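Trainee: I have a new model open and would like to learn to read its architecture from the coordinates. Could you walk me through it?

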Amino acid sequence: MRHDLNQYLDEVAGRLERFPKGVVICWADDTQLGDANFEHWATCASPTRKRPVYVIAISRALLRAPKYVLRWLVLHECGHVRLPAWQKGGGGCHHYYFRQFERAHPDYIRANKWLEKAAQVA
Ligand SMILES: [Zn+2]
C-alpha cells in the first residue's frame with residue numbers, strides 16, 4: 001500500500017472521535033470484493049477474533065487510479081469504521097450522517113464521477 005494512503009488514514013482518523021487504533025489498508029483482488037461495480041471498489045472488514053483490527057481493502061482495479069479517488073475511498077471506508085455509533089439513528093449503511101460526512105470531502109463529486117466512468121469501462 002502506498003505510504004501516502006496510510007498517512008491520509010491517520011489524518012482522517014485524527015478528525016474522528018473514538019476511531020479505533022490499528023486500522024489497516026490493503027489491496028484486495030476483485031473476487032473478494034464481488035463485481036467491480038460502483039459500491040464495491042472498497043470494503044471495510046470488522047475485527048474478528050483472529051484479526052482484532054479493521055481492514056480496509058481497496059480493489060486492485062484501482063492500482064493506477066488518481067490519488068484523490070483513492071483518498072476519497074479511504075475516507076468513505078473510515079466512515080464505515082465509525083458506523084456502529086452513527087448507525088444508532090437508523091438509515092442503514094449509507095445513512096444521513098454518513099452522507100454528510102463523505103460529502104464534506106472536497107473531492108466527493110470529482111472522485112465519484114471518476115469511479116462512475118471506470119465502472120462503465122469495467
Ligand atoms: Zn459504503
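Trainee: In which sense do strand β2 (residues 42-45) and β3 pair, parallel or antiparallel?
Mentor: Helices (H or I, at least four residues) and strands (E, at least two) are DSSP runs, numbered from the N terminus. Two strands count as paired if DSSP finds at least two bridges between them. β2 and β3 have four bridges, and C44 stands opposite I56 in β3. The sense of this β2-β3 pairing is antiparallel.

Trainee: Before we go on, what pLDDT do local features need in this model?
Mentor: Residue numbers start from 1 along each chain as its sequence is written. This is a predicted model: totals for chains, interfaces and linings use all residues, side-chain atom pairs count only at pLDDT 80 or more, and local features need pLDDT of at least 70.

Trainee: In what order do the three strands lie in the sheet?
Mentor: Strand β1 (residues 24-28) joins β3 (residues 55-59) in the parallel sense over five bridges; C26 has A57 as its bridge partner in β3, and A28 has S59. The three strands form an open sheet with mixed pairing. The edges are β1 and β2, each pairing on one side only. The order is β1-β3-β2.

Trainee: By how much are neighbouring strands of this sheet turned against each other on average, and what angle does α3 make with β2?
Mentor: Axes are lines fitted to C-alpha atoms, for helices over the stretch in contact, and angles run from 0 to 180 degrees between N-to-C directions. With direction ignored, neighbouring strands are turned by 25° on average. α3 packs on the sheet and touches β1, β2 and β3, where contact means C-beta atoms, placed from the backbone, within 7 Å. Its direction makes an angle with that of β2 of about 30°.

Trainee: How far apart are the end C-alpha atoms of helix α3 (residues 67-81)?
Mentor: The expected span of a helix is 1.5 Å times one less than its number of residues. For the 15 residues of α3 that gives 21 Å, and the model agrees, because the end C-alpha atoms are apart by 21 Å.

Trainee: How many of the 15 residues of α3 are buried?
Mentor: A residue is buried if 20 or more other C-beta atoms lie within 10 Å of its own, exposed if 12 or fewer, and partly exposed in between, with C-beta atoms placed from the backbone. L75 of α3 is buried, because 22 other C-beta atoms lie within 10 Å. α3 is mostly covered, and its count of buried residues is 13.

Trainee: Are α3 and helix α5 (residues 96-103) roughly parallel or roughly antiparallel?
Mentor: The α3 and α5 axes come within 10 Å and cross at roughly 150°, and the contact is made by L75, H76 and G79 of α3 with F98, F101 and E102 of α5. The crossing is right-handed; the rule is that it is left-handed if the near helix is turned anticlockwise from the far one by less than a right angle, and right-handed if clockwise. Angles under 35 degrees count as roughly parallel, over 145 as roughly antiparallel, 65 to 115 as roughly perpendicular and the rest as oblique. The two helices are therefore roughly antiparallel.

Trainee: How is α3 oriented relative to helix α6 (residues 108-121)?
Mentor: The α3 and α6 axes come within 9 Å and cross at roughly 105°. That crossing makes the pair roughly perpendicular. Y68, V69 and W72 in α3 meet Y108, R110, A111, W114 and L115 in α6. So the orientation of α3 to α6 is roughly perpendicular.

Trainee: Which residues does L75 touch, not counting those up to four places away in sequence?
Mentor: One of them is H105, 30 residues away along the chain, with 8.1 Å between the two C-alpha atoms. The full set is V12, E102 and H105.

Trainee: Is V55 buried or partly exposed?
Mentor: V55 belongs to strand β3 and, leaving aside neighbours within four places in sequence, is in contact with V24, C26 and A45. Because V55 has 19 C-beta neighbours inside 10 Å, it counts as partly exposed.

Trainee: Which residue in the loop between α1 (3-15) and β1 has a positive phi?
Mentor: That phi is near 50°, in a residue other than glycine. The residue is exposed, because 6 other C-beta atoms lie within 10 Å. The residue in that loop is R18.

How values were computed
Contact = placed C-beta atoms within 7 Å.
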